[in-house]
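Hi everyone, thanks for making time for this one. Let me put the structure up, and then we can walk through a few parts of it together.

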Amino acid sequence: MMNITARTALPPARLMAGLSALLLLTAPLGACKRLPDEDEMRAETARAYPPASRPVSELAGNQWSTETARDKRGEAEEIMKAAGLEPGMTVADIGAGEGYYTVRLAEKVGAAGRVLAQDIDEEAIDRLAERVNRESLDNVSIKLGAPDDPRLPENSFDRIFLVHMYHEVREPYAFLSRLRPALLDKARDDGAGEVIVVDVNRDVTQHGIPPKQLFCEFEAVGYELVGFMERPELGGYFARFRAKGPAIKPGDITPCPYQRDSG
């Protein structure tokens, strides 16, 4: 019988030479391994805009504090007063969550006004819809948004509220750019629509955002700051913005440096 193993075995020297040649051939494949693309981690709809140069807070849930505790501080009433909210206005509550601001905004603008409550959490939207129905809030509509797009109708709102949520926005430049057209553009400066931000003066890794970071990001996409006040007793600070000049194209937006301090 023929011994196949004996006839096909290579001498040790030739075997080592063959292995060395194989290693040389495969080495460049490892060296040419494609590095991950930064944009692959971003939503495709946001890639035309610059990415945030700062960290983004993880979603902290929709229960910021008990509604009773917030009402004892007079939070919503003070914020709505500072925002110049009046009966008959049309407002949006972005990141509405459990609806603390939604129900109070609905009462403030009255039957002649309208409130659009939006969130990116489908379960929160479902719970809020149940609350709206339960409390018979006929002037409230519910809408599901996207992380990089609030999906608001254009030229529709006197005020857009971003309360304790902006630090969780992963694509600030795309989000704010797409928010801008939703503001009412009236002839008189004091009649123009405004974005109202309530947040905490601390690093974004601690579920807040320093005011300087906030101002820079809004300015980068064509807003101007028209009002600001520190209100620690109400849970943070309050800022008002209006659209200024023409919209800035995505490729012309200069991203803001990461402001780590809370000054």
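Let's start with helix α6, residues 122-134. At 1.5 Å a residue, its 13 residues should span 18 Å, and the end C-alpha atoms are indeed 18 Å apart, so the two agree; the expected span here is 1.5 Å times one less than the number of residues. Helices are DSSP runs of H or I with at least four residues, strands are runs of E with at least two, and both are numbered from the N terminus.

Before I go on, a word on the source: this is a predicted model, where local features need pLDDT of at least 70, side-chain atom pairs count only at pLDDT 80 or more, and totals for chains, interfaces and linings use all residues. Residues are numbered from 1 along each chain as its sequence is written, and side-chain values use heavy atoms, with hydrogens and water left out.

Back to α6. Which of its residues are buried? They are Ala124, Ile125, Leu128, Arg131 and Val132. Seen down the helix axis, these buried residues fall within an arc of 120 degrees, so they line one face of α6; the arc is taken from the directions between the axis and the C-beta atoms. Glu122, Glu123, Glu130, Asn133 and Arg134, on the other side, are exposed. By buried I mean under 20% relative accessible area, by exposed over 50%, with partly exposed in between, using a 1.4 Å probe and protein chains only.

What do the buried residues of α6 pack against? Their partners are α3, α5, β2 (114-119) and β3 (140-144), with contact meaning heavy atoms within 4.5 Å. At the N-terminal end, aspartate 121 acts as a cap, with a side-chain oxygen 3.0 Å from the backbone nitrogen of glutamate 123. Just after the helix, serine 136 has a positive phi of about 55 degrees.

Now over to helix α4, residues 75-82, whose buried residues are Glu75, Ala76, Ile79 and Met80. Those cover an arc of only 115 degrees around the axis, which puts them on the same side of α4. They pack against α3 (67-72), α5 (100-109), β4 (159-163), β5 (194-199) and β7 (236-243). Glycine 84, just after α4, takes a positive phi of about 70 degrees.

One more stop: alanine 92, in strand β1 (residues 90-94). Its relative accessibility is 0%, so alanine 92 counts as buried. Its C-alpha atom is 6.0 Å from that of phenylalanine 161, 69 residues apart along the chain.

Zooming out, the chain has eight helices and seven strands, and 43% of its 263 residues count as buried.

Key:
Polar contact = N/O pair within 3.5 Å; in protein donor to acceptor, adjacent residues only side chain to side chain.
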